[in-house]
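Here are my notes from going through this one, in numbered points. Have the structure open while you read.

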Amino acid sequence: MTKYKLEYIWLDGYEPVPNLRSKTKVVAFAGTPALDDLPIWNFDGSSTRQAEGHDSDRLLQPVAVFPDPARTNGMLVMCEVLLPDGTPHPSNTRATIPDDPDAWFGFEQEYFLYRDGAPLGFPREGFPAPQGEYYTGVGYKNVGDVARAIVNAHVDLCLEAGIDLEGINAEVAKGQWEFQIFGKGSKRAADELWIARYLLLRLCEEYGVDVNFHPKPLGLEHDWNGSGLHTNFSTLHMRETGGEEYFDELMAAFDDAKDEHIAVYGADNHLRLTGLHETAAIDEFTYGVANRGASIRIPHSFIACGHRGYLEDRRPNALADPYQVAGRILQTILTVHTEPVELLEEAAA
Ligand code: ADP
Ligand code: MN
Ligand code: MN
Ligand code: MN
């Protein structure tokens with residue numbers, strides 16, 4: 001038997017932005033445990049805004065498991081929070097979203113690395129050189145002396161954990177970075193993004209650095225980019241059938257549901273979705289080919305393939321909950337019929 005260090009990870013009840021929480025359970029197994037081998041556990045919900053003190057036990061239901069690359073015999077266990085009767089806690093956004101393994105999601109997670117209340121590389125007072133050379137930049141004046149070690153170590157941690165991290169890049173603002181996570185199914189893709197965020201936060205402890213996911217940490221009044229969570233998505237129908245007629249109906253459905261989307265696309269998004277800095281205005285729904293100022297950007301490849309492939313929703317922000325973002329996108333897609341209209345009319349007749 002080997003003693004495994006199981007890191008149970010969950011989202012707390014803080015609003016509007018939940019925090020990641022975790023604690024370790026040591027359990028002996030004959031070999032690497034699978035998800036089904038992992039016991040339900042509990043925690044004190046009164047310390048995480050998930051219960052009152054007099055009835056504070058909340059359950060942790062393991063829903064995904066990854067090897068923990070930073071610990072010998074360690075596992076990262078993503079959990080849903082349940083009430084004592086086994087039903088989902090109101091903070092458990094994962095439990096109620098639609099899922100489909102053929103719905104693929106690619107999240108572009110932007111974030112700032114912060115130290116002493118300012119982005120890494122900012123002078124003690126004021127601002128560094130204006131934006132321009134930082135995006136995909138190289139050299140000390142652009143990325144400083146610490147960030148590269150952090151982002152590279154984060155890539156390795158994610159890959160060793162079996163997370164489908166697809167790339168990283170330095171972003172437009174100094175101290176701002178991005179990583180991309182791809183996943184099949186709304187729950188799986190979002191599980192991987194939450195674990196990738198967890199690994200980044202934990203890694204940065206060693207450097208005395210915080211991760212700032214706020215969508216506009218430097219404020220509206222300064223000419224510095226905010227942080228998004230561009231969400232690329234495709235369903236089997238979008239990839240294999242598609243077509244202009246279906247696309248038009250899909251965009252009409254997104255337009256109809258635009259407020260419901262914005263409602264789950266992250267707090268403080270009005271500070272970021274201004275229409276400036278490669279964003280769309282928060283109260284409008286727009287789309288366009290290769291248009292980085294639109295709500296939804298249509299890749300050139302999508303048009304070239306006969307309106308087939310994936311689309312990029314550029315509105316979600318960096319601190320959005322990916323369960324809710326992916327779930328909402330899928331919910332809207334599911335309102336649009338995928339049969340040719342003639343077949344639907346025949347069926348109705
Ligand atoms: P950008 O040009 O917007 O910066 P990135 O290269 O950062 O684009 O991100 C593109 C994202 O699109 C990646 O996360 C990738 O996984 C995702 N993606 C690619 N193909 C698909 C697809 N068919 N369905 C869903 N997401 C996809
Ligand atoms: Mn990107
Ligand atoms: Mn980006
Ligand atoms: Mn993008």
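1. Start with the hairpin of β8 and β9, which has five residues between its strands. G175 sits in the turn, and its phi is positive, at about 85 degrees. Bear in mind, here and below, that this is a predicted model. The two strands, β8 being residues 165-170, run antiparallel and are joined by five bridges. If you want a pair to click on, take L165, whose bridge partner in β9 is I181.

2. β9 also takes us to the ligand. Spanning 176-184, β9 is one of the elements that give two or more residues to the shell around ligand 1; the others are β6 (104-115) and β11 (229-234). The shell has 14 residues in total, and the closest are G106, F182, N232, S234 and Y310. How does the shell divide by class? Six of its residues are polar, five are nonpolar and three are charged.

3. Now the five-stranded sheet. It is open, with mixed pairing, and its strands come in the order β2-β1-β5-β4-β3. At the edges you have β2 (20-29) and β3 (41-44), each with a pairing partner on one side only. From one strand to the next, the twist averages 40 degrees.

4. The mixed pairing shows up nicely around β5. On one side, β5 (residues 74-82) runs antiparallel to β4 (residues 57-67), with eight bridges between them. Two positions to look at are P67, whose bridge partner in β5 is M75, and P62, which stands opposite C79. β5 also pairs with β1 (residues 2-11), this time in parallel and over five bridges. There, E7 stands opposite L76.

5. β4 and β5 make a hairpin as well, with six residues between the strands. In that hairpin N73 has a positive phi, near 50 degrees. It's worth viewing alongside G175, the positive-phi residue in the turn of β8 and β9.

6. Why would one call β5 largely enclosed by the rest of the structure? Because seven of its nine residues are buried, where buried means that 20 or more other C-beta atoms lie within 10 Å of the residue's own.

7. On to the domains. The assignment splits the protein chain into domain 1 (2-82) and domain 2 (104-333). Their centres, taken over C-alpha atoms, are 27 Å apart. Contact between them involves 14 residues from domain 1 and 14 from domain 2. On the domain 1 side, β4 and β5 each supply at least two of the residues that touch domain 2. β4 gives the most, with four. And what is the class make-up of that side of domain 1? It has 13 nonpolar residues and one charged residue, with no polar ones.

8. One last residue to check is D255, which lies in helix α5 (residues 244-256). D255 has 16 C-beta neighbours inside 10 Å, so it counts as partly exposed; the buried class would need 20 or more, and the exposed class 12 or fewer. Measuring C-alpha to C-alpha in the model, you'll find D255 and R124 44 Å apart in space, with a separation of 131 residues in sequence.

Notes
Residues numbered from 1 in each chain as written. Chains lettered and ligands numbered in written order. Predicted model: local features only at pLDDT ≥ 70, side-chain atom pairs only at ≥ 80, totals over all residues. Pairing = 2+ DSSP bridges. Axes fitted to C-alpha atoms, helices over the stretch in contact; angles between N-to-C directions. Domains from an automatic or database assignment. Contact = placed C-beta atoms within 7 Å. Nonpolar A, V, L, I, M, F, W, Y, C, P; charged D, E, K, R; others polar. Near = placed C-beta within 6 Å.
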